[in-house]
Amino acid sequence: MEQDKYIAYVSTYTMGDNHGIKIFDVDMEKGRLIKKDQVEITNSSYVTISHNANFLYSITDFGVEAYRIEEDGSLTEINRGSINGMRGCYLSTDYQDKLLFVAGYHDGKVTVLRLREDGGVGEITDEIYHKGLGSIAERTYRPHINCVKMTRDNKYLCAADLGMDHVNVYRVDHGTGKLKLADIIRSEQASAPRHLKFSGDGRFLYIVHELKNYVDVYSYEEINNNPEFEKIQTISTLNEYHATTSAASALNLSADMKYLLSSNAGDNSVIIYRINEETGMLTKVFCLPVSGDYPKDAALFPDNRHLVSLNHESGTLTYFNVDLEKGLLVMNGKEMKVDRPNCIIFHKL
């Protein structure tokens, strides 16, 4: 049986090197990435792949950039679009790939853009500024939207605001591309909800909190045309013994949707949870060091037998062999130099 072939895309900040997206071949047997190509783009703080897997979208200094994914995984630029504001930090598409959502950390804005048939970025259909005063003056006196994700039924957009400590839930009008506030999921003060993911079946929402280092688990259903979220679990991203100053960063699902992973800057560790598919609840498998500074993102390889950590401050990718049954994480070969990596996506060719 021939093994599936994968490519990995890594987005990076660009200081001196203006190639913000690195493309790697994935060696699934050895659990390593092999440099294949790179794309010229400034400060790619985040990348996402459309749900039909044909297009890749990236944040860049002037807005967003759209690429066609070729058969060999290389990227061909389609076009770029302005988001009419400060540089975004996260982006995602709806499940029909008709709309693109961009999170603005610096200006606290959600931007909605239409997507064209050819995958290119069209006009802005809505802009929503979060308003209000958060809890801590330095960091949280104003909105910082850090993540935007659709519910899997494609009805609501969830926008995590780590400045205001809540997630705004917007009803999406797919015709007009407009958003309307439908609910607010409130987190603990000064907890900083950073990233969110829905379970494979869409019934559960996972929110990682950067400053309080835990994941909140919510059940989600739509009742009488309204979204209903109920908190069912809070679980730490750290061991009981850990570095005092620590910030939770990544939140990624395994390819089979059975495991959830987060990383901790400061503590420089990665935690993996097993997901109970019935209840949505998380059980810790392990929390272990990643041998790098500030793991901004980390991901299991699609085979669940290897892991890569993107260490933003040390400018490295570190590789590990994983045994999820025994709860083991073992260094796999030497680190690889990649300057200021932000996020990684595996893509099946």
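Is D72 buried, exposed or partly exposed? In this predicted model, D72 turns out to be partly exposed, with a relative accessible area of 40%. The residue sits in the loop between β6 and β7. Its C-alpha atom is 12 Å from that of A8, with the two positions 64 residues apart in sequence numbering. That makes D72 a handy place to begin a walk through the chain, but a word on confidence comes before the rest.

The chain averages a pLDDT of 90, and 95% of the residues score at least 70. Confidence is not the same in every element, though: helix α1, covering residues 137-140, has the lowest mean pLDDT, at 51. At the other end of the scale is strand β17, residues 204-209, where the mean of 96 is the highest among the elements.

Back to D72 and its surroundings. Together with D25, D37 and E71, D72 forms a negative surface patch. E71 shares the loop with D72, between β6 (63-69) and β7 (75-81). What sets E71 apart from a buried residue is a relative accessible area of 79%, so E71 counts as exposed. D25, another member of the patch, also serves as a yardstick for a longer stretch of the chain: the C-alpha atoms of D25 and K197 are separated by 26 Å, and the two residues are 172 apart along the chain. K197 itself lies in strand β16. With a relative accessibility of 11%, K197 counts as buried because the cut-off for that label is under 20%.

Charged side chains also pair up. A search of the whole structure finds 15 salt bridges. One of them joins D61 and R87, with the closest N and O atoms 3.2 Å apart. This pair links distant parts of the chain, 26 residues apart: D61 is in the loop between β5 (55-60) and β6, while R87 is in the loop between β7 and β8 (90-93). Both ends are partly exposed, D61 with a relative accessible area of 38% and R87 with 22%.

A second salt bridge brings the side chains of E127 and K109 together, at 2.6 Å from N to O. Here the partners sit in strands, E127 in β11 (residues 121-129) and K109 in β10 (residues 109-115), and the pair links distant parts of the chain, 18 residues apart. The two ends have their own labels: E127 is partly exposed at 30% relative accessibility, whereas K109 is buried, with a relative accessible area of 2%.

A third salt bridge connects K212 and E188, whose closest N and O atoms are 3.1 Å apart. K212 is in the loop between β17 and β18 and E188 in the loop between β15 (178-186) and β16 (193-198), so this pair ties together parts that are 24 residues apart in sequence. K212 is partly exposed, with a relative accessible area of 34%, and E188 is partly exposed too, with 42%. Salt bridges can also share partners, and in this way E65, E77 and R80 are joined into one network.

Next comes the backbone. Most residues other than glycine have a negative phi, which is why a positive value catches the eye in such a residue. N43 has a phi near 40°, a positive value in a residue other than glycine. N43 lies in the loop between β3 (32-39) and β4 (47-49). N43 is buried, with a relative accessible area of 11%.

Where does N225 lie? Its place is in the loop between β18 (214-223) and β19 (226-236). N225 also has a positive phi, about 60°, although it is not a glycine. In contrast to a buried residue, N225 is exposed, with a relative accessible area of 57%.

A last stop is T245, in the loop between β19 and β20 (247-253). T245 counts as exposed at 62% relative accessibility. From T245 to P193 the C-alpha atoms are 17 Å apart in space, and the two residues are 52 apart in sequence.

Definitions and conventions
Residues are numbered from 1 along each chain as its sequence is written. This is a predicted model: local features need pLDDT of at least 70, side-chain atom pairs count only at pLDDT 80 or more; totals for chains, interfaces and linings use all residues. Side-chain values use heavy atoms; hydrogens and water are left out. pLDDT is the predictor's confidence in each residue, from 0 to 100. Helices (H or I, at least four residues) and strands (E, at least two) are DSSP runs, numbered from the N terminus. Patches are made of residues with over 30% relative accessible area and no salt bridge: like charges are joined within 9 Å, nonpolar side chains (Val, Leu, Ile, Met, Phe, Trp, Tyr) within 5 Å. Accessible areas come from the Shrake-Rupley method with a 1.4 Å probe; for residues, only the protein chains shown count as cover. A salt bridge is a side-chain nitrogen of Lys or Arg within 4 Å of a carboxyl oxygen of Asp or Glu. Lys and Arg count as positive and Asp and Glu as negative; His and the chain ends are not counted. The place of a charge is taken as NZ of Lys, CZ of Arg, CG of Asp or CD of Glu. Buried means under 20% relative accessible area, exposed over 50%, partly exposed in between (1.4 Å probe, protein chains only).
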